[in-house]
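Biologist: Got a minute to go through this model with me? I'd like to hear about the pockets and then whatever else stands out.

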Amino acid sequence: MAILEIIHVPDPRLSEKCRPMRPEEINDELRLFLRDMAETMYAAPGVGLAAPQVGDTRRFLVADPGSQDEGSSGRRGVDLITMINPEIVQASKDLYKAEEGCLSVPELWENFERPRWVEVRWLDEHGQPRQRRFEDFAGVVIMHEMDHLEGVTILDRVSRFKRSRYLRARKKARQRGG
Ligand code: NI
């Protein structure tokens with residue numbers, strides 16, 4: 001297993017709409033890569049990681065919304081969800097507000113409203129169809145990761161002013177070697 005490099009904004013790969021996975025691509029090579037992604041996510045630490053964040057612009061992601069809960073250490077990996085070609089089947093009209101951060105947008109935390117729950121259909125790492133409803137924080141995590149597959153990060157969802165201020169600050173930090 002390996003820890004992968006997580007890319008940051010404004011890397012153009014984070015703005016690309018990812019392409020669907022073909023059935024023949026769901027193989028041992030992909031399963032190993034998904035395991036590396038999960039290891040990378042836990043090490044970060046984070047609760048979700050989408051393929052473009054590690055430079056692969058195809059539609060898959062890993063998530064474990066409960067892994068950062070208090071007292072969850074040791075449960076790591078138990079609730080790992082691996083999604084290939086996820087699609088939202090239904091979303092609630094009721095909204096839920098939560099603070100979101102992103103491993104590809106370091107140091108930005110922002111409140112967003114999203115549907116309180118989403119029903120999602122996807123293929124697991126063996127190509128088997130799955131469907132499940134994700135609510136509240138788990139829903140936020142899954143919708144956030146699915147946004148990445150559309151080339152959308154939380155930086156695209158803040159005001160233009162905040163976005164340019166953020167990118168300027170990051171550029172300065174990089175120039176300082178930070
Ligand atoms: Ni993210």
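Modeller: Sure. Keep in mind that this is a predicted model. The second largest pocket holds about 190 Å³ of space.

Biologist: Which residues are closest to the centre of the second largest pocket?

Modeller: Ten residues line that pocket, and Leu80, Ile81, Trp122, Arg130 and Arg132 are the closest to its centre. Strand 3 (81–91) and strand 7 (129–135) are the elements that give two or more residues to the lining.

Biologist: And how does the lining of the second largest pocket divide into nonpolar, polar and charged?

Modeller: Four nonpolar, one polar and five charged.

Biologist: OK, now the largest pocket. How much space lies in it?

Modeller: About 460 Å³. It has 24 lining residues, with Gly46, Val47, Gly101, Trp109 and Phe137 closest to the centre.

Biologist: Which element gives the most to the lining of the largest pocket?

Modeller: Helix 2, with six residues. Strand 4 (95–102), strand 5 (105–115) and helix 2 (136–149) each put in at least two. The split for this lining is twelve nonpolar, seven polar and five charged.

Biologist: Switching to the metal: what are the protein donors of the nickel ion?

Modeller: Cys102 through SG, plus His144 and His148, each through NE2. They lie 2.1 to 2.2 Å from the nickel ion. Along the chain, the donors follow the spacing C-x41-H-x3-H.

Biologist: Where do Cys102 and His148 lie?

Modeller: Cys102 is in strand 4 and His148 is in helix 2, so the pair ties together parts that are 46 residues apart in sequence.

Biologist: Is Cys102 buried or exposed? And His148, buried or exposed?

Modeller: Cys102 has a relative accessible area of 11%, so it is buried. His148 is at 1%, so it counts as buried too.

Biologist: Back to strand 3. What is Thr82 in contact with?

Modeller: Thr82 lies in strand 3 and counts as buried, at 11% relative accessibility. Leaving aside neighbours within four places in sequence, Thr82 is in contact with Leu34, Leu61, Val62, Trp122, Leu123, Asp124 and Glu125.

Biologist: Leu34 is one of those contacts. Which residues of helix 1 are buried?

Modeller: Leu30, Arg31, Leu34, Asp36, Met37, Ala38, Thr40, Met41 and Tyr42. What covers them includes strand 1 (48–50), strand 2 (60–63) and strand 3.

Biologist: How many residues does helix 1 have, and how far does it reach?

Modeller: Helix 1 (residues 28–43) has 16 residues and reaches 23 Å from its first C-alpha to its last. That is close to the 22 Å expected at 1.5 Å a residue.

Biologist: What about backbone oddities? Which residue is joined to Pro10 by a cis peptide bond?

Modeller: Val9, with omega at about 5 degrees. Pro10 sits in the segment before helix 1. The peptide bond from Ala44 to Pro45 is cis as well, with omega near -5 degrees, and Pro45 is in the loop between helix 1 and strand 1.

Biologist: And what is phi for Glu107?

Modeller: Near 70 degrees, a positive value in a residue other than glycine. As background, most residues other than glycine have a negative phi, and most peptide bonds are trans. Glu107 is in strand 5, and its relative accessible area of 70% makes it exposed.

Biologist: Asp136 has a positive phi too. Where does Asp136 lie?

Modeller: In helix 2. Phi of Asp136 is near 50 degrees, and the residue is partly exposed, with a relative accessible area of 26%.

Terms used. Residues are numbered from 1 along each chain as its sequence is written. This is a predicted model: local features need pLDDT of at least 70, side-chain atom pairs count only at pLDDT 80 or more; totals for chains, interfaces and linings use all residues. Side-chain values use heavy atoms; hydrogens and water are left out. On a 1 Å grid over the protein atoms alone, a cavity is a set of points where a 1.4 Å probe fits but cannot get out, and a pocket is an open set with protein on both sides within 12 Å along at least five of seven lines; lining residues have an atom within 4 Å of a point. Grid points are joined across faces, edges and corners, and a volume is the space filled by probe spheres set on the points. Helices (H or I, at least four residues) and strands (E, at least two) are DSSP runs, numbered from the N terminus. Ala, Val, Leu, Ile, Met, Phe, Trp, Tyr, Cys and Pro count as nonpolar, Asp, Glu, Lys and Arg as charged, and the others, Gly among them, as polar. Donors are N, O and S atoms within 2.8 Å of the metal (3.2 Å for Na, K and Ca); water is not among the atoms, so sites may look incomplete. Buried means under 20% relative accessible area, exposed over 50%, partly exposed in between (1.4 Å probe, protein chains only). Contact means heavy atoms within 4.5 Å. The expected span of a helix is 1.5 Å times one less than its number of residues.
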